[in-house]
Amino acid sequence: MKFNKIVYTAFTAALFSTCAAYAAPVTVSGGTINFEGQVVDAACSVATQSDNQTITLDQVKTSKLATPGQAAGQQHPFSISLEDCDTSVSANAGVTFNGQADAVTATALANTAGAGAATNVALQLYGPDGQELSLGTASSTVTLTDGENVIPFSVDYIATGAAATAGYVSSTATFNVNYS
């Protein structure tokens with residue numbers, strides 16, 4: 001009798017484990033993945049790390065932005081990297097930046113920081129040649145080499161209209177690469 005009870009218990013345990021092994025599958029929502037890309041017919045492609053950059057500028061004292069048109073004098077470098085370049089297609093590359101222009105200094109990017117924003121401050125871009133680069137204007141070019149290339153730029157705070165007041169500064173620019 002004890003033997004039958006052991007066999008029955010083992011049989012019941014095996015039956016329940018078999019049923020558990022055949023339980024209905026469970027599916028749970030896992031999230032969303034966005035895929036983005038672009039096919040281009042150009043001398044180079046823009047490297048992924050250059051596509052959506054965030055450039056963090058150093059803090060600047062208001063005393064460095066006391067006069068309209070005065071740049072802070074602390075240009076912050078950034079670059080746009082190009083890859084897979086073929087100089088048989090184009091020999092040079094430059095960039096055109098676009099964005100919301102400042103109401104007073106139309107060549108510079110407006111401060112769009114919103115609440116708590118500094119006033120009378122914009123962001124001035126500088127091209128590969130170190131000269132001021134106006135929005136909507138093609139930068140000076142760099143000579144391409146086959147493979148990877150880097151186009152250097154910089155950005156600085158600039159006073160607009162009157163002396164700057166303290167606060168946050170932010171802006172967004174888009175860019176196009178120009179080949180020649």
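Colleague: Is the link of Cys-44 and Cys-85 right-handed or left-handed about the S-S bond?

Modeller: Right-handed, with 120° about that bond. Before we go on, this is a predicted model, where local features need pLDDT of at least 70 and side-chain atom pairs count only at pLDDT 80 or more, while totals for chains, interfaces and linings use all residues. Residues are numbered from 1 along each chain as its sequence is written, and side-chain values use heavy atoms, leaving out hydrogens and water.

Colleague: Fair enough! Why is the pair of Cys-44 and Cys-85 called a disulfide?

Modeller: The rule asks for two cysteine sulfur atoms within 2.5 Å. Here the sulfur atoms of Cys-44 and Cys-85 are 2.1 Å apart, so the pair meets the cut-off. By this rule the count comes to 1 disulfide. The pair links distant parts of the chain, 41 residues apart: Cys-44 sits in the loop between α1 (2–21) and β1 (45–46), and Cys-85 in strand β2. Those element names come from DSSP runs numbered from the N terminus, helices being H or I of at least four residues and strands E of at least two.

Colleague: Are Cys-44 and Cys-85 buried or exposed?

Modeller: Both are buried. That word means under 20% relative accessible area, against over 50% for exposed and partly exposed in between, with a 1.4 Å probe and protein chains only.

Colleague: What makes β2 and β8 a pair?

Modeller: Two strands pair if DSSP finds at least two bridges between them. β2 and β8 are joined by 8 bridges and run antiparallel, so they qualify. Within that pairing, Ser-81 stands opposite Val-150 in β8, and Leu-82 has Asn-149 as its bridge partner there. β8 also pairs with β5 in the antiparallel sense, over 6 bridges, and Leu-123 has Tyr-157 as its partner in β8.

Colleague: How many bridges do β1 and β2 have?

Modeller: They have 2, in the antiparallel sense, so the pairing minimum of two is met. One bridge partner of Leu-82 is Val-46.

Colleague: Why are β7 and β9 called edge strands?

Modeller: They belong to an open sheet of 3 strands in the order β7-β3-β9, with antiparallel pairing. β7 (142–143) and β9 (173–179) each pair on one side only. Strand β3 (residues 92–99) is joined to β9 by 7 bridges, and Val-95 stands opposite Val-177 in β9.

Colleague: What makes a set of residues a nonpolar core?

Modeller: The members are buried Ala, Val, Leu, Ile, Met, Phe, Trp, Tyr and Cys residues joined through side-chain atoms within 4.5 Å. The largest such core has 28 residues, and Leu-82, Phe-97, Leu-125 and Phe-153 touch the most other members. Its largest share, 5 residues, comes from β8. Counting contacts as heavy atoms within 4.5 Å, Phe-97 touches residues including Phe-78, Leu-125, Phe-153 and Phe-175, leaving aside those up to four places away in sequence.

Colleague: Which residues are closest to the centre of the largest pocket?

Modeller: Ser-50, Asp-51, Gln-53, Ala-173 and Phe-175, out of 48 that line it. A pocket, on a 1 Å grid over the protein atoms alone, is an open set of points where a 1.4 Å probe fits, with protein on both sides within 12 Å along at least five of seven lines; lining residues have an atom within 4 Å of a point. The space is about 1,300 Å³, and β9 gives the most to the lining, with 6 residues.

Methods
Grid points are joined across faces, edges and corners, and a volume is the space filled by probe spheres set on the points.
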